2 protein chains.
Amino acid sequence: MANHLDSFFSAISDPTRRAVIERLTRGPAPVSELHAPHDMALPTFLKHLKVLETAGLTRSVKKGRVRTVHIEAAPLAAAENWLTTQRKLWEGRLGRLSALAERLEKGGDA
Amino acid sequence: MANHLDSFFSAISDPTRRAVIERLTRGPAPVSELHAPHDMALPTFLKHLKVLETAGLTRSVKKGRVRTVHIEAAPLAAAENWLTTQRKLWEGRLGRLSALAERLEKGGDA
DNA sequence: TAGATGGTTAGCCATGTGGCTAGGTAATGC
DNA sequence: GCATTACCTAGCCACATGGCTAACCATCTA
């Protein structure tokens with residue numbers, strides 16, 4: 001059950017890769033354009049792209065010599081969902097705690 | 001600007017550590033209790049706990065020989081926020097695209 | 001105060017990750 | 001058709017990560 005989240009979170013734990021995602025939310029782009037703002041060798045950057053694609057965060061198609069990369073929204077939502085769930089559970093607990101505190105106060109047990 | 005998200009996402013990219021977080025949303029717990037369900041040596045597990053604490057996801061206090069760990073909600077919300085932002089940007093783009101498509105259709109330009 | 005309990009430190013190992021260079025292939029443009 | 005462009009592969013390196021054992025320290029409990 002963990003599997004997908006593993007590679008997803010691992011993928012976006014790198015700033016270069018998050019920057020790529022941020023760029024891709026504004027629309028698809030070829031490899032060279034994605035690479036341009038990053039001060040690293042192309043092969044290194046290609047590795048990052050591969051990580052993203054392997055994690056299911058992006059897809060790409062090659063036409064002629066140009067490979068165009070686009071974002072895949074679904075896993076983003078899934079991860080967001082995990083975080084939201086955890087936060088809500090936590091907040092729910094806090095809510096119950098303060099309710100308990102209130103009851104204790106009413107009872108004058110404090 | 002990236003820094004915090006780096007260590008945060010990296011921290012929760014591990015299933016053991018996500019399990020710990022899930023457990024902690026139900027309330028604080030001592031190290032031994034957190035360790036129990038995980039089939040690995042204590043020192044190994046302690047490393048995981050350290051990663052979580054270093055990433056700011058948890059805090060802990062030691063009283064006597066028992067160290068109690070509790071969750072820290074803020075970074076969770078921050079990460080959730082990043083994901084939400086990306087998703088919304090993406091959906092916004094999709095919206096604008098379909099609006100464009102509509103306009104083109106109306107204009108009979110297709 | 002001895003033994004058990006709960007954690008911690010040190011140190012080793014295998015594998016993974018992020019960076020590089022060098023060299024290759026396949027379209028495209030002149 | 002030769003050069004350029006755009007990307008890909010292979011292979012190297014340093015360091016990080018996740019696992020282990022062994023040995024240690026501190027605190028309760030009997």
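This passage describes the relation of two protein chains, a hairpin in chain B and the protein surface near DNA strand D in a predicted model.

Chain B superposes on chain A with an RMSD of 0.0 Å. The operation is a turn of 180° with a shift of 0.0 Å along the axis. That is the relation of a two-fold axis. Of the interface residues of chain B, 100% are also interface residues in chain A, so the copies meet through the same surface.

In chain B, strand 2 (residues 58-63) pairs with strand 3 (residues 66-71). The pairing is antiparallel and runs over 6 bridges. One bridge joins B:R59 to B:H70 in strand 3. The two strands of chain B form a hairpin, with 2 residues between them. In the turn, B:G64 has a positive phi of about 65°.

Around DNA strand D there are 19 residues. A:R65, A:R67, B:K47, B:H48 and B:G64 come nearest. Of the atoms of DNA strand D within 4 Å of the protein, 61% belong to sugar and phosphate. The surface near DNA strand D comprises 8 nonpolar, 4 polar and 7 charged residues.

Both phosphate and base take part in polar contacts. A side-chain N or O atom of B:H48 lies 2.4 Å from a phosphate oxygen of DNA strand D. A polar backbone atom of A:V31 is 3.5 Å from a phosphate oxygen of this strand. In A:R65, a polar side-chain atom is 2.5 Å from a base oxygen of DNA strand D. Elements giving two or more residues to this surface are helix 3 (31-35), helix 4 (42-54) and strand 3 (66-71) of chain A, together with helix 4 (42-54) of chain B. Helix 4 of chain B gives the most, with 4 residues.

Conventions. Residues are numbered from 1 along each chain as its sequence is written. Chains are lettered from A and ligands numbered from 1 in the order in which they are written. This is a predicted model: local features need pLDDT of at least 70, side-chain atom pairs count only at pLDDT 80 or more; totals for chains, interfaces and linings use all residues. Side-chain values use heavy atoms; hydrogens and water are left out. Copies are superposed by least squares on the C-alpha atoms of residues with pLDDT of at least 70 in both. Contact means heavy atoms within 4.5 Å. Two strands pair if DSSP finds at least two bridges between them. A residue is near a molecule or strand if one of its heavy atoms lies within 4 Å of it. A polar contact is a pair of N or O atoms within 3.5 Å; within protein, one must be able to donate a hydrogen and the other to accept it, and residues adjacent in sequence count only if both atoms are side-chain atoms. Ala, Val, Leu, Ile, Met, Phe, Trp, Tyr, Cys and Pro count as nonpolar, Asp, Glu, Lys and Arg as charged, and the others, Gly among them, as polar.
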